[in-house]
Amino acid sequence: MSNKHEIKLLDNEINDLRNQVFYLNGLLDKITEWLEEEIEMNQDVADAKDDKEDYVTSDGTDDIIYGRHECATSLLEQIKKWESEDE
């Protein structure tokens, strides 16, 4: 195999890896944005439940909403922790 051919193969591999990194970074950005929106959307229910207030929703889904808020908050904190470990 010639050097030019080997270099071309390596260039293709580098481009493929670069595209994968861009895709995964974009995916992580979308996940982070969704988690932040989930936290913001459900903050009033979480605050009410933390303050031991009456239910906020009319359909009694406060516990589900609270769990979603808690899960989104925990996952977002974990992502930030993992990101800071890489620095």
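**View 1. Tyr23 and the nonpolar patch on the surface.** Tyr23 counts as exposed, with a relative accessibility of 55%. That value clears the 50% cut-off, so Tyr23 goes in the exposed class. What you're looking at is a predicted model, and Tyr23 sits in its helix 1. Which residues join Tyr23 in the nonpolar patch? They are Leu24, Leu27 and Ile31, and the four side chains together offer about 380 Å² of accessible area.

**View 2. Leu17 and Ile31, a pair for checking distance along the chain.** Leu17 is another resident of helix 1. Its relative accessibility comes to 45%, so Leu17 is filed as partly exposed. Pick the C-alpha atoms of Leu17 and Ile31 and you get a separation of 21 Å, for two residues 14 places apart along the chain.

**View 3. The salt bridge between Glu38 and Arg68.** Here the two side chains come together with an N to O distance of 2.5 Å. This one reaches across distant parts of the chain: Glu38 belongs to helix 1 (residues 3–41) and Arg68 to helix 3 (residues 62–85), with their positions 30 residues apart in the numbering. Is Glu38 buried or exposed? With just 4% relative accessibility, Glu38 counts as buried. Its partner Arg68 has 42%, so Arg68 falls in the partly exposed class.

**View 4. Lys49 and Asp63 in a salt bridge.** A search through the whole structure turns up 2 salt bridges, and the side chains of Lys49 and Asp63 form one, at 2.8 Å from N to O. Lys49 is part of helix 2 (residues 43–50) while Asp63 is part of helix 3, so this pair ties together parts that lie 14 residues apart in sequence. How accessible are the two ends? Lys49 comes out at 35% relative accessibility, which means partly exposed. Asp63 is also partly exposed, at 42%.

**View 5. Asn42 in the loop between helix 1 and helix 2.** Loop or not, Asn42 has a relative accessibility of 9%, so Asn42 is classed as buried. What does Asn42 touch, once residues up to four places away in sequence are set aside? The list reads Ile65, Arg68 and His69. Arg68 should ring a bell, as the salt-bridge partner of Glu38.

**View 6. Tyr66 and its contacts.** Tyr66 lies in helix 3. Its relative accessible area is 21%, a whisker of a number to keep an eye on because the buried class is for values under 20%; Tyr66 therefore counts as partly exposed. Skip the neighbours within four places in sequence, and Tyr66 is in contact with Val45, Ala46, Lys49 and Asp50. Lys49 is also the residue that pairs with Asp63 in a salt bridge. For a backbone check, take the C-alpha atoms of Tyr66 and Ala48: they're 9.6 Å apart, with 18 residues separating the two along the chain.

**View 7. A patch of negative charge on the surface.** Asp29, Glu33, Glu36, Glu37, Glu40, Glu83, Glu85 and Asp86 gather here. Which elements give two or more residues to the negative patch? Helix 1 and helix 3 do, and helix 1 gives the most, with 5 residues. Glu83 is a handy one to zoom in on, and its place is in helix 3. At 38% relative accessible area, Glu83 is partly exposed.

Key: Residues numbered from 1 in each chain as written. Predicted model: local features only at pLDDT ≥ 70, side-chain atom pairs only at ≥ 80, totals over all residues. Heavy atoms only, no water. Helix = DSSP H or I, 4+ residues; strand = E, 2+ residues; numbered from the N terminus. Buried < 20%, exposed > 50% of the residue type's maximum accessible area, 1.4 Å probe, protein only. Contact = heavy atoms within 4.5 Å. Patch = residues over 30% accessible without salt bridge, like charges linked within 9 Å, V, L, I, M, F, W, Y side chains within 5 Å. Areas by Shrake-Rupley, 256 points an atom, 1.4 Å probe, with all protein chains shown as cover. Lys, Arg positive; Asp, Glu negative; His and termini not counted. Charge placed at Lys NZ, Arg CZ, Asp CG, Glu CD.
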